[in-house]
Amino acid sequence: CLQCGKNFRCFSQLEIHQRSHTGEKPFRCLLCGKRYAQKGHLYTHQRTHTGEKPYRCSICGKGFTQKCTLDMHLRTHTGEKPFVCMKCGKGFTKNCNLKKHLATHLETKQFECLFCRKIFNYLSSLKVHIRRHSGEKPFSCLVCGKKFAQKTYLKLHQRVHSGEKPYSCSGCGKSFSQKSSLNIHLRTHTGEKPYSCVDCGKCYAYNCCSKTVATNNSNYLFNNVI
């Protein structure tokens, strides 16, 4: 490459690489208009429209659009954490999580919100946070038009339309669209009750129940004792 000096075995590889300098993206999605520098990246993107998930986990059956995403998912089963912090030895399944962790070792934090003075290690985190103040919601649902401040919230919402429920209970087979909903459901099998009423000490599986009881107890004390 004449611009950066990088060498390639094939001319076709050099052509693809040069697009990183020129910004050329000749492959266009016919459904949404998004463009890509490589044909393979376009094919991967098109699966977000078709719903195709050719890479399937052999352990839990969950499907993925990309092999690299499947590889990362498999680590949740194997416990493998190949990305290790050189300072404290803590391991992570994803490189991005390691990068976020490394910021905790920095003596000074870098980005401050001008509205509430909250400090962030990353500019990207600050940008997401500022949307709470500005009300900006740049991610729109193509089906119903509902807007969201974060892409992850949009993905969760899209399951309402697609009916996708990737989190299944191993005890009864019931499926859920969110992992948090599955965790709450599992308490019906385990009997776990992590929330307790601050007034009477009674335990509940759901936080809303403990809050309701605490309110009722307070009303009872006010009406009958005070």
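**Note on the predicted model: Arg47, helix 7 and the chain as a whole**

1. Arg47 is a buried residue in this predicted model, since its relative accessible area is 16% and the cut-off for calling a residue buried is under 20%. The residue belongs to helix 2, which runs over residues 39–50.

2. The surroundings of Arg47 can be described further: its side chain comes to 2.5 Å from the backbone oxygen of Thr65. Once neighbours within four places in sequence are set aside, the residues in contact with Arg47 are Glu52, Pro54, Tyr55 and Thr65, so that Thr65 appears both as a contact and as the owner of the backbone oxygen that the Arg47 side chain reaches.

3. Helix 7 covers residues 179–190, and its length can be checked against expectation: at 1.5 Å a residue, its 12 residues should span 16 Å, and because the end C-alpha atoms are indeed 16 Å apart, the two values agree. Just after this helix, Gly191 adopts a positive phi of about 80 degrees.

4. Within helix 7, the buried residues are Leu182, His185 and Arg187. The elements that cover the buried residues of this helix include strand 11 (167–168), strand 12 (175–176) and strand 13 (195–196).

5. The UniProt annotation "domain: C2H2-type", taken from an unreviewed entry, is placed on residues 1–26, 27–54, 55–82, 83–110, 111–138, 139–166 and 167–194. Two of these spans may be set side by side: residues 1–26 are 46% helix and 0% strand, with end C-alpha atoms 19 Å apart, whereas residues 167–194 are 43% helix and 14% strand, with end C-alpha atoms 21 Å apart.

6. Over the whole chain there are 8 helices and 14 strands, and buried residues account for 19% of the 226 residues. Of the contacts between residues at least 6 apart in sequence, 1% join residues at least 24 apart. The chain exposes about 16700 Å², of which carbon and sulfur atoms supply 53%.

7. On confidence, the mean pLDDT of the chain is 83, with 90% of its residues reaching 70 or more. Residues 213–226, however, have pLDDT below 50, and in the model this stretch makes 12 contacts beyond near neighbours in sequence. Where pLDDT is low, the predicted coordinates should not be read in detail.

Technical notes
Residues are numbered from 1 along each chain as its sequence is written. Side-chain values use heavy atoms; hydrogens and water are left out. UniProt positions are given in the numbering used here, feature names are shortened, and annotations may be inferred rather than shown by experiment. Helices (H or I, at least four residues) and strands (E, at least two) are DSSP runs, numbered from the N terminus. Buried means under 20% relative accessible area, exposed over 50%, partly exposed in between (1.4 Å probe, protein chains only). A polar contact is a pair of N or O atoms within 3.5 Å; within protein, one must be able to donate a hydrogen and the other to accept it, and residues adjacent in sequence count only if both atoms are side-chain atoms. Contact means heavy atoms within 4.5 Å. The expected span of a helix is 1.5 Å times one less than its number of residues. pLDDT is the predictor's confidence in each residue, from 0 to 100. Accessible areas come from the Shrake-Rupley method with a 1.4 Å probe; for residues, only the protein chains shown count as cover.
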